[in-house]
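Reader: I would like a close look at a single part of this protein, followed by an account of how that part sits within the rest of the chain. Please state the cut-offs behind each term as you go.

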Amino acid sequence: MGALARTAYQAAHLLGVTALMRRLQGSRVPVLMYHGVSSKRINGVLNCEKKHVAAADFERHLRFLKSRYQVIPLSRYGAFLRGGGALPRGCAVVTFDDGYENNHSYAFPLLKKYGIPATVFVTADFVEKGESLWVDRLAAAFASTTLPAWADQSSGTLYPLANDAEKTAAYLQIKASFKRLGPRDHASAVDSLLKALEGAGRSPLAGGGLPRLFSPLKAEQIREMVASGLVEIGSHCCRHLGLTNLDLDEARREVFSSRERIAALTGRPVECFSYPNGDANPQVTTLVEAAGYSCAVVEGLRLDRPGPGSRFAVARLALKEDDDEAAIAATLCGLRSLGLRAAGER
Ligand SMILES: [Zn+2]
């Protein structure tokens with residue numbers, strides 16, 4: 001966060017603007033999006049998008065939520081959006097995507113400490129088969145490669161890889177382009193890039209495998225969290241592929257079979273859905289509704305606005321690791337996303 005934004009949020013907070021906006025929100029509910037919680041702040045390619053926040057930062061977020069909001073499970077918000085009664089004022093929701101093991105080791109103890117419920121969206125192949133997420137395999141390969149540069153033959157782009165900043169830039173650009181590929185092109189593109197990066201350096205997949213940061217939840221950890229009554233498990237599909245890149249039958253299998261597999265794993269119905277990469281269109285949304293989910297989340301990075309049909313496109317917000325109390329307040333009340341839109345940022 002820049003010094004200017006920090007000062008602006010502090011002024012808004014001191015002047016009572018964030019508190020006023022929170023009171024004026026009415027039925028608008030901040031839905032927070034997390035991925036992982038780590039023992040300490042992690043930098044570099046492995047965490048270049050800050051998907052994993054440090055436990056101390058996460059605890060600061062939870063303390064703020066506990067003091068100002070009533071945190072409810074996403075399924076309760078979904079029931080409200082479906083027309084199931086009223087919500088108390090000042091609700092918020094906490095969600096996690098993907099299904100990382102650190103949700104159990106670092107987030108769950110803090111959720112229990114503060115009595116805060118959360119919804120964890122798991123990728124079925126990740127947590128059941130231990131198949132690591134392709135984005136994490138790529139990040140680990142970029143982090144450990146000794147290749148000085150990589151030439152993408154298909155686009156004719158040369159990516160320099162001499163230092164962490166160059167590796168991060170290459171990783172983000174290549175990841176974004178791979179997300180647009182269909183499943184078969186995607187698999188072969190990932191495979192050949194991994195071979196190129198690993199061929200010239202120590203393989204992140206050899207020996208000790210991927211960094212612990214990228215480990216999946218185990219079945220018993222999922223069941224322990226569910227049994228606590230604080231955590232509900234939602235679906236993040238089977239393979240974490242963008243659903244709009246799949247043909248309709250494949251997308252249907254991802255949406256329907258992940259719901260069945262996760263219900264079998266937890267012994268509970270699966271109410272909530274999170275689109276991998278936030279990737280949805282009307283056909284995909286129709287599948288999600290037909291499969292029986294009560295609501296679905298996108299990324300959005302804005303305060304959700306309930307309305308007709310909105311329960312299958314619930315927007316989420318993200319807190320940053322260095323957010324102070326004023327920045328947290330500004331994010332949750334929607335002030336920050338207004339400012340980012342005005343500045344043309346996400
Ligand atoms: Zn995801």
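Author: Strand 7 (residues 149–152) and strand 8 (residues 157–160) run antiparallel and are joined by 4 bridges; strands here are DSSP runs of E with at least two residues, helices are runs of H or I with at least four, both numbered from the N terminus, and two strands pair if DSSP finds at least two bridges between them. Within this pair, Ala149 stands opposite Pro160 of strand 8. The two strands form a hairpin with 4 residues between them, and in the turn Gly156 has a positive phi of about 75 degrees. This is a predicted model, in which local features need pLDDT of at least 70 and side-chain atom pairs count only at pLDDT 80 or more, while totals for chains, interfaces and linings use all residues. Residues are numbered from 1 along each chain as its sequence is written.

As for the wider setting, the protein chain is divided into domain 1 (28–131 + 213–319) and domain 2 (134–199), with bounds that come from an automatic or database domain assignment. The centres of the two domains, taken over C-alpha atoms, are separated by 27 Å. Their contact takes 11 residues from domain 1 and 15 residues from domain 2, where residues are in contact if their C-beta atoms, placed from the backbone, lie within 7 Å.

The largest nonpolar core has 95 residues, of which Val93, Val122, Phe142, Cys295 and Ala296 touch the most other members; such a core is a set of buried Ala, Val, Leu, Ile, Met, Phe, Trp, Tyr and Cys residues joined through C-beta atoms within 7 Å. Helix 7 (residues 134–144) gives this core its largest share, 7 residues, and the core draws at least three residues from each of domain 1 and domain 2. Leaving aside neighbours within four places in sequence, Cys295 is in contact with residues including Leu74, Tyr77, Cys272 and Phe312.

Over the whole protein chain there are 14 helices and 12 strands, and buried residues (20 or more other C-beta atoms within 10 Å of their own; exposed means 12 or fewer, partly exposed in between) make up 43% of the 346 residues. The C-alpha atoms fill a box of roughly 55 × 45 × 35 Å along the principal axes. The radius of gyration of the protein chain, taken over C-alpha atoms, is 20 Å, which agrees with the value near 20 Å for a compact globule of 346 residues, the rule being 2.2 Å times the number of residues to the power 0.38.

Technical notes:
Contact = placed C-beta atoms within 7 Å.
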